[in-house]
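User: I would like to work through this structure step by step, beginning with one residue and moving outwards. Could you take me through it in questions and answers?

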Amino acid sequence: MWTLRGTCHCGAIRATLRSTQAPEALQVRACQCSFCTRHGAMTASDPAGSATFHMQRAALTRYQFGTRSGTSLICACCGVYAGVILEDRGQTWSALNVRGLAVAELRGRSGEPVVYDGETLQARIARRKVKWTPTEIVWLGVAPEL
Ligand SMILES: [Zn+2]
């Protein structure tokens with residue numbers, strides 16, 4: 001297992017990807033959607049691995065658009081787009097924005113352009129469950145909001 005770590009610019013969001021693949025073998029994607037291109041996002045995931053986001057709830061902005069099936073995690077303090085999650089029936093999957101999180105092992109990689117336009121909602125959810133990483137969200141700090 002390889003463990004990749006990154007944080008947003010201010011450190012309020014920390015992410016860990018435990019991957020079954022060496023960093024140099026891990027696919028890095030440059031989603032061509034209108035959101036990812038604005039951020040210059042470069043994402044990585046490993047369905048056979050696991051991921052954890054440690055976040056302060058007050059430091060998180062959740063953003064949804066399009067089919068609203070995914071939730072982009074954006075730091076409310078520093079503005080970094082940290083990654084995207086799919087939540088379904090109590091389970092969570094994610095793709096890390098390894099550029100926003102400044103994952104050292106993937107620095108200098110260029111993302112493989114991927115286009116998901118025209119995908120149905122069902123196909124989108126199914127693809128994410130197959131390609132993204134099973135994920136745990138750990139809330140830091142004060143008691144969770146109701
Ligand atoms: Zn931040």
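User: Leaving aside its neighbours within four places in sequence, which residues is Leu-96 in contact with?

Analyst: This is a predicted model, so every answer here rests on predicted coordinates. Leu-96 is found in strand S9, which covers residues 91-97, and its neighbours within four places in sequence are set aside here. What remains as contacts of Leu-96 is the list Gly-6, Ala-15, Leu-17, Thr-43, Ala-44, Ser-45, Ala-51, Gly-83 and Leu-101.

User: Is Leu-96 buried or exposed?

Analyst: A residue is called buried when 20 or more other C-beta atoms lie within 10 Å of its own. Leu-96 has 30 C-beta neighbours inside 10 Å, and therefore it counts as buried.

User: Is strand S9 largely enclosed by the rest of the structure or left open, and why?

Analyst: The strand that holds Leu-96 is S9, and five of the seven residues of S9 are buried. Because of this, S9 is described, with respect to the rest of the structure, as largely enclosed.

User: Which residue stands opposite Leu-96?

Analyst: Strand S4, made of residues 43-44, pairs with S9 in the antiparallel sense over two bridges. Within S9, the residue that stands opposite Leu-96 is Ala-44.

User: Which residue takes a positive phi in the hairpin of S8 and S9?

Analyst: S8 and S9 pair in the antiparallel sense over six bridges, and Leu-86 stands opposite Trp-93 in S9. The hairpin of these strands has two residues between them, and the positive phi, near 45°, belongs to Arg-89.

User: In S11, what is the bridge partner of Ser-94?

Analyst: S9 also pairs with S11, in the antiparallel sense and over two bridges. For Ser-94, the bridge partner in S11 is Thr-133.

User: Which residues form the covered face of strand S5?

Analyst: Strand S5 spans residues 50-56, and its uncovered face is made of Ser-50, Thr-52, His-54 and Gln-56. S5 is joined to strand S2 (residues 13-19) by six bridges in an antiparallel arrangement, where Ala-15 stands opposite Phe-53. Six bridges also join S5 to strand S11 (residues 133-140), this time running parallel, and in S11 the bridge partner of Met-55 is Trp-139. The covered face of S5 consists of Ala-51, Phe-53 and Met-55.

User: Which strand gives the largest share of the largest nonpolar core?

Analyst: The largest nonpolar core holds 32 residues, and those touching the most other members are Ile-13, Ala-15, Leu-73, Ala-82 and Leu-96. At least two residues of this core are supplied by each of S2, S5, S7 (71-75), S8 (81-88) and S9. The largest share of the core, four residues, comes from S8.

User: How many helices and strands are there, and what is the radius of gyration of the protein chain?

Analyst: The protein chain has two helices and 11 strands, and from the N terminus on its elements run β-β-β-α-β-β-β-β-β-β-β-α-β. For 146 residues the globule rule gives 15 Å, and the chain is close to that value, so it is as compact as a globular protein of that length, with a radius of gyration of 14 Å.

User: What percentage of contacts between residues at least 6 apart in sequence join residues at least 24 apart?

Analyst: Buried residues make up 34% of the 146 residues in the protein chain, which is a statement about residues and not about pairs. Among contacts in the protein chain between residues at least 6 apart in sequence, the share that joins residues at least 24 apart is 68%.

Terms used. Residues are numbered from 1 along each chain as its sequence is written. This is a predicted model: local features need pLDDT of at least 70, side-chain atom pairs count only at pLDDT 80 or more; totals for chains, interfaces and linings use all residues. A residue is buried if 20 or more other C-beta atoms lie within 10 Å of its own, exposed if 12 or fewer, and partly exposed in between; C-beta atoms are placed from the backbone. Two residues are in contact if their C-beta atoms, placed from the backbone, lie within 7 Å. The radius of gyration is taken over C-alpha atoms; the globule rule is 2.2 Å times the number of residues to the power 0.38. Two strands pair if DSSP finds at least two bridges between them. A nonpolar core is a set of buried Ala, Val, Leu, Ile, Met, Phe, Trp, Tyr and Cys residues joined through C-beta atoms within 7 Å.
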